[in-house]
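Okay, everyone, thanks for coming. I'd like to walk you through one model today, from its pockets to its sheet and helices.

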Amino acid sequence: MKKYLLSVVALLCVVGASAQSVYPSAGEDWARVRPSKHGFNDKKIRELRRFVIDSMNTTGLMVIVDGECIFKFGSIDRTSYIASCRKSVLAMLYGKYVENGTIDLDKTIGEIGITDHGGLLPIEQKATVRHLIQARSGVYHPASNSGSALDNPNKVPQRGSKKPGSYYLYNNWDFNAAGTVFEKLTGKSIYLALEEDLAKPLGFQDWDIEKQRYGGRLKRSMHPAYHIYISTRDMARLGYLMLREGEWNGEQIISKAWHKEMLTAWTSRKEVSDRAGQRSSFAYGYMWWLYKSRTPELKGAYTARGAMGQFITVIPELNMVIAHKTDSVYGRKTSYSRYKKLLDKIIAAKERE
């Protein structure tokens, strides 16, 4: 009996050690394993390399399953611009400060003192912080940077015509103002919060706060874009934190309640499609894109998306994170349609029981 109990204890220790090992250690590489360890076809995953080389402009790619890397490509340690993925990162940062009372999502931007060149209309001042991170503020003041529906005047309602909260529009003014609100209420820069609340706890390998910089034409709008420069392998850590519902190696970095709230469909796929003028596969949460697809493996999946080919895609059904980057400094671009073909190939590599 004693020998049996010792065996059970030893087995439990092994299981515990294995559970701990699914998180990469601080500053260390992800464990690399054969795809078949996690139920993926080795040959099909190897063939991804040729597809990426022949058909994409990828500069960095990692596929993580259950905390281990089954495929990587390119310069995964190179830090570069992640475009609109920054918005999803800001959503992650918001949670701690909402829950400790520093940020009140239902406070209006007028109450907080948010304005812009030429002032805001009385109806625009009634938009809340929640409306900003939902892209439903109804504020259509020019943004300091391009890259949203505001670039196309034909898609933008007249200022003051939409009640805050009533109308979704993917709008960089909202996202940039959400950054200003964060910094005004927390008293710290987005970059310092990213360092303290995510980069250090997750053990980023390539983080450098000195490489981060604001951008935009501040004569158009006083709210700058908070551009973020990180590596593909650190993007994967952010995705893996999301996959684990905010938990990292035993510590709850983001609460499960905030994780759930971020990934609630505040805007339906139909409304996203209506605003885009074409059928979309996504609903919209708090600055995260939520898959609404008939593909079984994409049930509950979601992604951060950035211009030119930046993606952090989380697929809970497969315990998978995909971090993809197209470094814009090389003048390259990867469209979502091309990325979706890669995603389909990865899903198809899963062995069926």
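Let me begin with a detail about a pocket: in the second largest one, helix α10 gives the most to the lining, with 3 residues. Keep in mind throughout that this is a predicted model.

Let's stay with that pocket for a moment. Its volume is about 280 Å³. It has 16 lining residues, and H259, K260, L263, G300 and Y302 are the closest to the centre. Which elements supply at least two residues each? Those are α9, at 232–243, α10, at 256–262, and the strand β11, at 289–291. If you sort the lining by class, you get 9 nonpolar, 3 polar and 4 charged residues.

Now for the largest pocket. How much space lies in there? About 1,000 Å³. If you want to find it on screen, look for G147, S148, Y170, W289 and R305, which lie nearest its centre among the 37 residues that line it. Three elements give two or more residues to this lining: α4 at 85–99, α11 at 269–276 and β12 at 302–306. The largest share comes from α11, with 3 residues. And the chemistry? The lining divides into 14 nonpolar, 15 polar and 8 charged residues.

Right, on to the sheet. There are 8 strands in it, and the sheet is open with mixed pairing. Reading across, the order is β1-β3-β2-β14-β13-β12-β11-β10. Which strands sit at the edges? β1, residues 31–32, and β10, residues 282–284, each of which pairs on one side only. Further in, you'll find β2, residues 60–65, next to β14, residues 320–325; the two run antiparallel and 6 bridges join them. To pick out one of those pairs, take G60, whose bridge partner in β14 is K325.

Two helices lie across this sheet. One is α9, which we met at the second pocket; α9 lies across β2, β12, β13 and β14, and runs at about 150 degrees to β14. The other is α12, which lies across β2, β10, β11, β12, β13 and β14, at about 145 degrees to β14.

That brings me to how the helices pack on each other, and I have two pairs to show you.

First up, α3, residues 48–55, with α12, residues 336–348. Their axes are 11 Å apart, and the packing angle is about 170 degrees. Angles over 145 degrees count as roughly antiparallel, and so α3 and α12 are roughly antiparallel to each other. On the α3 side, the contact is made by L48, F51, V52 and S55, and α12 brings R338, K341, L342, K345 and I346. By class, that contact has 5 nonpolar, 1 polar and 3 charged residues.

The second pair is α4 with α8, where α8 covers residues 190–202. Here the angle is about 75 degrees and the axes are 10 Å apart. So α4 ends up roughly perpendicular to α8. From α4, the residues that meet α8 are V89, L90, M92, L93, K96 and Y97, and they face I190, A193, L194, D197 and L198. What about the classes in this contact? There are 9 nonpolar, no polar and 2 charged residues. And remember that α4 is also one of the elements in the lining of the largest pocket.

That's my tour. Happy to rotate the model if anyone wants another look.

Terms used:
Residues are numbered from 1 along each chain as its sequence is written. This is a predicted model: local features need pLDDT of at least 70, side-chain atom pairs count only at pLDDT 80 or more; totals for chains, interfaces and linings use all residues. Side-chain values use heavy atoms; hydrogens and water are left out. On a 1 Å grid over the protein atoms alone, a cavity is a set of points where a 1.4 Å probe fits but cannot get out, and a pocket is an open set with protein on both sides within 12 Å along at least five of seven lines; lining residues have an atom within 4 Å of a point. Grid points are joined across faces, edges and corners, and a volume is the space filled by probe spheres set on the points. Helices (H or I, at least four residues) and strands (E, at least two) are DSSP runs, numbered from the N terminus. Ala, Val, Leu, Ile, Met, Phe, Trp, Tyr, Cys and Pro count as nonpolar, Asp, Glu, Lys and Arg as charged, and the others, Gly among them, as polar. Axes are lines fitted to C-alpha atoms, for helices over the stretch in contact, and angles run from 0 to 180 degrees between N-to-C directions. Angles under 35 degrees count as roughly parallel, over 145 as roughly antiparallel, 65 to 115 as roughly perpendicular and the rest as oblique. Contact means heavy atoms within 4.5 Å. Two strands pair if DSSP finds at least two bridges between them.
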